[in-house]
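Trainee: Could you take me closely through the metal site, together with the ligand and the hollow spaces around it?

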Amino acid sequence: MPASSDLRLGRRTMELLEQLARHTDEPGRLTRLYLSLAHRRAAEATCVMIEEAGLAAQIDALGSVAGRWDGRRPDEPGVIIGSHIDTVVDAGRFDGTLGVVLGIVAVEELRREGFDPSCPIEVLAFGDEENARFPTNLSTSHALAGRYDPAWLDGKDSGGITLREALVSFGGDPGGIDALARRPGSVRGYLEVHIEQGPLLEAQDRALGIVTAINGISRARLAVTGEAGHAGTVPMSMRRDALAAAAEMIAVVERIGARHSETVATVGAARVEPGAVNVIPAEVRWTLDARAPDDAVRDEMVKAILEECEAIARRRGVTLAIEPTMDSPATPMDPHLAALLGNACCSIGEEPLHLASGAGHDAVAMAHLCPAAMLFVRCKGGISHNPAESITVEDADAAARALIESVRMIAG
Ligand code: GLV
Ligand code: MN
Ligand code: MN
């Protein structure tokens, strides 16, 4: 099937993305952290969009938006279309939100056509995918899979606010989390559309991709503690400079992360205390994010990084505290559901590329509940986690049509 001549679905997708991009915690750039005011407003706006598409919608106990179309047999296992609406700091408008908006556009179109689903179709907008505020990651999708750890509620953001406090201010309900867990067998499939966030689709001249597996991720918060001192008087040989030690450690992360072609390791944040031009740094708090398609290779990489960092700390007379915050194994996608997504792409004339995902996604958590599959959409220059993120209206249109075909195949 050729691209719809007027790109109606692509334009509708862009329009809804534009509306959601207005909800930000920081004027002038898009930052929408889990349980912030902007997240609340975006969740409310998403609720309205889903209702306008003709579905019942609500914001659940953890702040996820859940829309539901019962279909002919409301008790049958249904299909969930989802992604997330939280963002990183200074984000693009497509990461996560595209998958939610495409779910809305798909149900809007299916209802317009008079489609009568044989089973329920749900559209979900998760809220805690980015790990940008609390130590948690994918907590809102893990809740559906019955894997919410109540200790996560005690995690704090950088301002010392606990997740529990933020959830209550948001209007959520810590007491309602257990009830979010879905019964095993009650969902027949989870579909997530997402921008690729990498350069492969563009390089291969394909609009759409089918994800084979999502790479595993290890994360940690680290703190190097030395001793503050006068930058003019303490001789170089007598210093315990936390930043100089951390700099050596960060170089280790980069070197070991590059040992294999398919591994990556990143220090994405570092805070220096007290942080003044004439004071020897006393403390550096930094983060580690290490990823690989193979769990044994990832474990080996993290072990090697931490061993070398500990050796640097000993040699320099500083202390190193390590707090692991995430250990998410590599997650294969469901081959049958992925094949169905691939067939849907082919049916609209888009031969998809098959590729692994270097980024994490809610599909990792949902794969614990039900078969999960992901459709990737080409993004310009492979750029993501950056306000320059962009996709074309043609590719948005193709993704909408592929998603609609998939839902027809599953719920027809
Ligand atoms: C999510 O965006 C990730 O960091 O993979
Ligand atoms: Mn994302
Ligand atoms: Mn992201």
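Mentor: Happy to; here is the metal site, then ligand 1, then the cavity and a pocket.

This is a predicted model, in which local features need pLDDT of at least 70 and side-chain atom pairs count only at pLDDT 80 or more, while totals for chains, interfaces and linings use all residues. Residues are numbered from 1 along each chain as its sequence is written, chains are lettered from A and ligands numbered from 1 in the order in which they are written, and side-chain values use heavy atoms, with hydrogens and water left out.

Asp95 (OD), Glu130 (OE), Glu130 (OE) and His385 (NE2) coordinate the manganese ion (ligand 3) at 2.0 to 2.5 Å. Donors here are N, O and S atoms within 2.8 Å of the metal (3.2 Å for Na, K and Ca), and since water is not among the atoms, sites may look incomplete. The donor spacing in sequence is D-x34-E-x254-H. Asp95 also coordinates the manganese ion (ligand 2), which is 3.5 Å from the manganese ion (ligand 3). The pair links distant parts of the chain: Asp95 sits in the loop between β3 (78–84) and α3 (97–112), and His385, 290 residues apart from it, in the loop between β16 (372–377) and α11 (393–411). Helices (H or I, at least four residues) and strands (E, at least two) are DSSP runs, numbered from the N terminus. Asp95 is buried at 5% relative accessible area, whereas His385 is partly exposed at 43%; buried means under 20%, exposed over 50%, and partly exposed in between (1.4 Å probe, protein chains only).

Glu130 and His385 also belong to the surroundings of ligand 1, with Glu129, Arg219, Arg291, Ala359 and Gly360 (a heavy atom within 4 Å). Among the polar contacts (N or O pairs within 3.5 Å), oxygen atoms of ligand 1 lie 3.0 Å from a side-chain N or O atom of Arg219, 2.6 Å from a backbone N or O atom of Gly360 and 3.1 Å from a side-chain N or O atom of His385.

Gly360 also helps line the largest cavity, as do His361 and Val364, among others. Its volume is about 50 Å³. On a 1 Å grid over the protein atoms alone, a cavity is a set of points where a 1.4 Å probe fits but cannot get out, and lining residues have an atom within 4 Å of a point. A volume is the space filled by probe spheres set on the points, which are joined across faces, edges and corners.

Terms used. On a 1 Å grid over the protein atoms alone, a cavity is a set of points where a 1.4 Å probe fits but cannot get out, and a pocket is an open set with protein on both sides within 12 Å along at least five of seven lines; lining residues have an atom within 4 Å of a point. A polar contact is a pair of N or O atoms within 3.5 Å; within protein, one must be able to donate a hydrogen and the other to accept it, and residues adjacent in sequence count only if both atoms are side-chain atoms.
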